[in-house]
Amino acid sequence: MAAAQPPPARPAGEPAGWRQRVLVWVTDFLTSPLGMVLTMAVLVYYQLETLALRPNFIKALAYFANDAEMQYKLGAFYYHGMEGLDEDQHKAQAWFTAAAENGHGDAALHLGYMHYKGYGTNTSKEASHKWLAASAKKNNTEAAYRLGYLYYTGEGVGRNYQLAARQFRSAAERQHPGAAAMLGYMYHKGRGLPTHNKLAMLWFRRAAEMGDSHAMINLGVMNFRGKGTRKDFVLAYMWFGLAHQLGDQESSYNGLDYMNRLVAKGKISPTEIKEAVELGQEWAEKHGLADKQHGGYQANPPTTVRLCC
């Protein structure tokens, strides 16, 4: 069989076909300054149109497809006043409820918080407990921590230190700093757990390594008292200093107060203070906390219990 022959070349001087002429014209136009400006304008317009249509698209899925993720997103839009929707706590609560009833763990967490604070609904610690428990069953770490705090304080449910410790441990093992600090406190006090100051120190340290400033205060107190460890005023000063530098407003104040007490009582010399500061700087850099700013955890979580001097 004869090999296929290539198409004959166009004779020199013959004008190009119309398709090729159009392609050349479009390419020249798009690469010109005017073409690039018009292209950017079209892209910006398209993005704005997409953003404007997005809430309506999500609403359609939430209404007609009964999609839990879209119901959750719509609740979040109303909660924060995003995507062109006005902030409306009542609508946020309604959509979070729809999503939570469809098994959405994060929606149940938001509902637990809203019922606790009375956002979009009447304050109800019982309802808060119900939704936090539902979210915790979905392995939501923050929900486990907040549920543990309800059991610890007895809000909306009978006080139960054993159940509180179980929830705190669940969250702490998934790297929740506040839960780790509470577990340390419960070991120190023997609430729901056997009194064990060395384990208290272990959990306080884990919480501190995750940035919990209340745990830093507690580590300072434990070193000051010699509980679970030997007395060490340099380390006590170091922990109080870290809490002062890295903590929220409460921890910052308490850290400075305890540092001043050590100095006033003559427990630490200027040379030891310098050593404590250097140790604190090394520790903060090692654990990636050197640049942390004051501020505390978002959404006003329960405050970790701290020891006192």
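Visitor: How many residues apart are Arg261 and Asp257 in helix α13?
Guide: They sit four residues apart, about one turn of that helix, which covers residues 249–264. This is a predicted model, by the way.

Visitor: And what do the side chains of Arg261 and Asp257 do?
Guide: They meet in a salt bridge, with 3.0 Å from N to O. In general, side chains of opposite charge can pair when their charged atoms come close.

Visitor: How open to the outside is each of them, Arg261 and Asp257?
Guide: Arg261 has a relative accessible area of 34%, so it counts as partly exposed. Asp257 is also partly exposed, at 25%.

Visitor: OK, how many salt bridges turn up in the whole structure?
Guide: A search finds four. One of them joins Lys73 to Glu69, and their closest N and O atoms are 3.9 Å apart.

Visitor: Where do Lys73 and Glu69 sit relative to each other?
Guide: Both are in helix α3, residues 68–80, and because they are four residues apart, about one helical turn separates them. Lys73 is partly exposed at 26% relative accessibility, and Glu69 is partly exposed too, at 33%.

Visitor: What about Arg230, which residue does it form a salt bridge with?
Guide: Its partner is Asp232, and the closest N and O atoms there are 3.2 Å apart.

Visitor: Is Asp232 buried or exposed?
Guide: Asp232 is buried, with a relative accessible area of 12%. Arg230, on the other hand, counts as exposed at 60%.

Visitor: Let's zoom out. How many helices and strands does the protein chain have?
Guide: There are 14 helices and zero strands. If you read along the sequence, you just get α after α.

Visitor: How much of the chain is buried?
Guide: Of its 309 residues, 41% count as buried. As for the accessible surface, that comes to about 17,600 Å², and 55% of it belongs to carbon and sulfur atoms.

Visitor: What share of the contacts comes from residues 24 or more positions apart?
Guide: They account for 53% of the contacts that have a separation of 6 or more.

Visitor: Now the inside. How many residues are in the largest nonpolar core?
Guide: That core has 56 residues, and those with the most contacts inside it are Phe168, Met216, Trp239, Phe240 and Leu242. Helix α12, residues 233–246, gives the most to this core, with nine residues.

Visitor: Why would nonpolar side chains be found together like that?
Guide: It's a general trend: in soluble globular proteins, they tend to be buried together.

Visitor: Pick Phe240. Which residues is it in contact with, leaving aside neighbours within four places in sequence?
Guide: Phe240 is in contact with Ile217, Gly220, Val221, Gly255, Tyr258, Met259 and Leu262. Apart from the largest core lies another core, of 18 residues, among them Ala76, Tyr79, Leu111 and Trp131.

Visitor: Switching to pockets: how much space lies in the second largest one?
Guide: About 320 Å³. It is lined by 16 residues, and the closest to its centre are Gly241, Leu242, Gln245, Gly280 and Gln281.

Visitor: Which elements give two or more residues to that lining?
Guide: Those are α12 and α14, the latter covering residues 270–286. Helix α12 gives the most, with seven residues.

Visitor: So what does α12 give the most to, again?
Guide: It gives the most to the largest nonpolar core, and also to the lining of the second largest pocket. Leu242 is one of the residues with the most contacts inside that core, and Leu242 is also among those closest to the pocket's centre.

Definitions and conventions:
Residues are numbered from 1 along each chain as its sequence is written. This is a predicted model: local features need pLDDT of at least 70, side-chain atom pairs count only at pLDDT 80 or more; totals for chains, interfaces and linings use all residues. Side-chain values use heavy atoms; hydrogens and water are left out. A nonpolar core is a set of buried Ala, Val, Leu, Ile, Met, Phe, Trp, Tyr and Cys residues joined through side-chain atoms within 4.5 Å. Buried means under 20% relative accessible area, exposed over 50%, partly exposed in between (1.4 Å probe, protein chains only). Contact means heavy atoms within 4.5 Å. Accessible areas come from the Shrake-Rupley method with a 1.4 Å probe; for residues, only the protein chains shown count as cover. On a 1 Å grid over the protein atoms alone, a cavity is a set of points where a 1.4 Å probe fits but cannot get out, and a pocket is an open set with protein on both sides within 12 Å along at least five of seven lines; lining residues have an atom within 4 Å of a point. Grid points are joined across faces, edges and corners, and a volume is the space filled by probe spheres set on the points.
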